[in-house]
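This report walks through some features of one protein model. It covers a pocket, cavities, strands, a helix and charged pairs.

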Amino acid sequence: MMSVAFVFNILLILLLLAFVAAFFYYKVKKSGADQMVEDSLTREKTTYSLSTMQNYIKKQFDEITRMNLYDLALSEEEFERRKNVKYELKRALKGAGYADSNDKKYVKSLMFDLLKNDYKVNNFNINHAIPFNNFNELTSQDKFEILMHIYKKTYKAEALTKIITKYALDYPKYEFDATVPSYVITAREIDDIFTNEVSTETLSFEDKLEIVVQRIYQEYKGYSVVDDIRDMNIDGVSGGVSGIPPSFLDQLSDMDDYLTQMNEAKIPMSYDSVWIFYKGKATYLSFLSFGSEAELKRVCQNIYKYNNPGQLSESVGYKINEMKDGSRVVVLRPNFSESWAFFVRKFAPPTLISPEQLLVHENKDNVVELLKYLIRGARVTAITGEQGCGKTTLLMAIMKFLYPTITIRVQETAFELHLRKIYPYHNILSLRETDTITGQEGLDVQKKTDGGVNILGEVATDPVAAWMIQMAQVASKFTLFTHHAKTFPNLITSLRNSLLKIGMFNSEQVAEVQVVQVINFDIHLKRAVDGTRYIERITECIPLEQTYTYNNDYRKVKDVNQKLDKFMDNAVEYFQHMTQAQNYTYRNIVEFVDGKYVFKNPISEENIKAMRDNMSTEDIKAFDDFLDIAWR
């Protein structure tokens, strides 16, 4: 018989084995459950990631816009409803790509509904797209877009301006060079603003979903990280204009070593380049990036497409066009430029277009009055200055002084002025060059359209300078135009040289005389280092009278030598006229001195008489009173 001890040992061993088996069973089961939980979490993260939701939106939009409604056997009412949705979405997707704000809202609202109702995005799984529940994981782009969303709810298109103004982001900083300041907004500043503005209770679920929808939209149909920025009331935005271009890397034999050095120094690439033009200051948004050259290329290939301006290609390396809201866009690509790049130039909204709002310095009221009389006096006036100093904006503003009875004809390379949006009750027609209609042909047509005042958006090329001279001489009552000349003599010389280059004249003397007989006044704008814009001077051009003292005395003498002497005297007189130093003089009637406008020299009697001849009786009296007051 087995002893009690033996039986006890057997039972103990069995219990131990059972415990070990149970332990391993529990571990395996728990591991399987953990794996299932982990797999479920991974699937959820993937399902609600930005890329997956973007693919879902693309698929849904494709199905809506491509479905054949006739195969669905729908009722008449349902058929019409779906047909309207289909064509409305197709139209809105196209318009959204042209920066149409209403189409953009429609597309985003449809995306919002699809994600919320069909894709079942909720307050928990939305954190897989953007980590709203963990601020430490948010990128600078995430934080900036959250801030923009918050401010847009209150300030709309002024959101970015409010952020910059409130936190004084538009002051120069020694960010990249300890000796030279630059305008830059950094990731550190965005982080500080975010910490100050946003808490865990700030955003509702709807807010979070709208931010996610905007991110998906801008990467799908929009303009990437500049999509919302482009809609703001700023002067402009550009991309691809700083950093290392890919073409530079292709030229390096020791690229690996260079890339290592770049990564260590964190040198930005061309696709890390986002700049805004804010109140005359080019400001670098160093915390934003397109992420890749492919994304920058996508934006460049889509941002200029409004009104089908033609294809951007290697043989056509740039395009100049306008966007649906009137912004000017210039796009460049390799090999014409060293990298893909774009420039969007926005103009002040119609509500802000007035000289009183544009000019802010002391004695501005008298300057505004003078501008009014230059326009009503029908003076041929140039508006000059460097890029970004406000020439086009001022030109749009002073058109308010024109008598409504005078018709306006505009000739441009690309539509920029959009005067009919600002002055809808004036008789205005704008023309531009096309691939098949030259500017000269447009000018010839314009002469037959009852034009009173002709406006040239920008005299930037030799043919356009010739058009300006033609228009001022024969085509209209007077002409207004913009030019990039730095000084008044530069303006005259540039226009003279343009006439010579295109072969209208062979003589510098004759060409210059033609120019100075046309130009009456030059309004020169300046942009200070801090971005402040002002009128630096208003200059009057005064042509000099040509006096000739030729004589016929050689006919009275009989000696051949004396005849030759007399003839040579006339020849010398002729060459002196042909080579004389100046055909004009000029003087500043207004100058900007020590922060205020000072009236220097009075307008010449010739121009005063000509101005009075073009004014109404009431304006003549007011003009005479102004002359007595302004220069006293």
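## The second largest pocket

Six elements each supply at least two residues of the lining of the second largest pocket: strand E2 (236-239), strand E3 (274-278), strand E5 (318-322), strand E6 (328-332), strand E7 (341-345) and helix H15 (391-398). The model is a predicted one. E5 gives the most to this lining, with 4 residues. The space in the second largest pocket is about 1400 Å³. It is lined by 45 residues, and the closest to its centre are Ile320, Arg328, Val330, Glu416 and Glu458. By class, the lining of the second largest pocket has 18 nonpolar, 15 polar and 12 charged residues.

## Strands around E3

E3, named above as a contributor to the pocket lining, pairs with two strands. With E2 the pairing is antiparallel and runs over 4 bridges; here Gly236 stands opposite Phe277 in E3. With strand E4 (residues 281-285) the pairing of E3 is again antiparallel, over 4 bridges, and Trp275 stands opposite Tyr284 in E4. E3 and E4 form a hairpin with 2 residues between them. Lys279, in the turn of this hairpin, has a positive phi of about 50°.

Is E3 enclosed or open? Because 4 of its 5 residues are buried, E3 is largely enclosed by the rest of the structure.

## Cavities

Rolling a probe the size of a water molecule over the atoms shows where empty space is left. The structure holds 2 cavities of 30 Å³ or more.

The largest cavity has a volume of about 50 Å³. Its lining consists of Ala96, Ala99, Asp100, Ser101, Lys104, Tyr217, Tyr223, Asp227, Arg230 and Asp231. Helix H4 (residues 101-118) and helix H9 (227-230) each supply at least two of the lining residues of the largest cavity. That lining divides into 4 nonpolar, 1 polar and 5 charged residues.

The second largest cavity has a volume of about 40 Å³. Phe144, Leu160, Ile163, Ile164, Leu169, Ile185, Ile190, Leu285 and Phe287 line it. Helix H6 (159-166) gives the most to this lining, with 3 residues. The lining of the second largest cavity has 9 nonpolar, no polar and no charged residues.

## Salt bridges

Side chains of opposite charge can pair when their charged atoms come close. The count for this model comes to 38 salt bridges. Three of the pairs are set out in the table.

| Salt bridge | Closest N to O distance |
|---|---|
| Lys116 and Glu206 | 3.8 Å |
| Glu175 and Arg188 | 3.5 Å |
| Glu314 and Arg333 | 3.8 Å |

The salt bridge between Lys116 and Glu206 links distant parts of the chain: Lys116 is in H4 and Glu206 in helix H8 (residues 205-220), 90 residues apart. Lys116 is partly exposed, at a relative accessible area of 33%, and Glu206 is partly exposed as well, at 34%.

What does the salt bridge between Glu175 and Arg188 tie together? Glu175 lies in the loop between H6 and strand E1 (184-185), while Arg188 lies in helix H7 (residues 187-197), so the pair ties together parts that are 13 residues apart in sequence. Glu175 counts as partly exposed, with a relative accessibility of 31%.

In the pair of Glu314 and Arg333, Glu314 lies in the loop between helix H12 (293-302) and E5, and Arg333 in the loop between E6 and E7, so parts 19 residues apart in sequence are tied together. Glu314 counts as exposed, at 58% relative accessibility, whereas Arg333 counts as buried, at 13%.

Salt bridges that share partners also join Lys104, Lys152, Asp227, Asp228, Arg230, Asp231, Asp325 and Lys346 into one network. Lys104, Asp227, Arg230 and Asp231 are also among the residues that line the largest cavity.

## Two sides of helix H22

Which residues of helix H22 (residues 605-613) are buried? They are Asn607, Ile608, Ala610 and Met611. These residues lie on the same side of H22, because they cover an arc of only 165° around the axis. Exposed on the other side of H22 are Glu605, Glu606, Lys609 and Asp613.

Definitions and conventions: Residues numbered from 1 in each chain as written. Predicted model: local features only at pLDDT ≥ 70, side-chain atom pairs only at ≥ 80, totals over all residues. Heavy atoms only, no water. 1 Å grid on protein atoms, 1.4 Å probe; cavity = no way out; pocket = protein on both sides within 12 Å on 5 of 7 lines; lining within 4 Å. Points joined across faces, edges and corners; volume = space filled by probe spheres on them. Nonpolar A, V, L, I, M, F, W, Y, C, P; charged D, E, K, R; others polar. Salt bridge = Lys/Arg side-chain N within 4 Å of Asp/Glu carboxyl O. Buried < 20%, exposed > 50% of the residue type's maximum accessible area, 1.4 Å probe, protein only. Pairing = 2+ DSSP bridges. Arc of directions from axis to C-beta.
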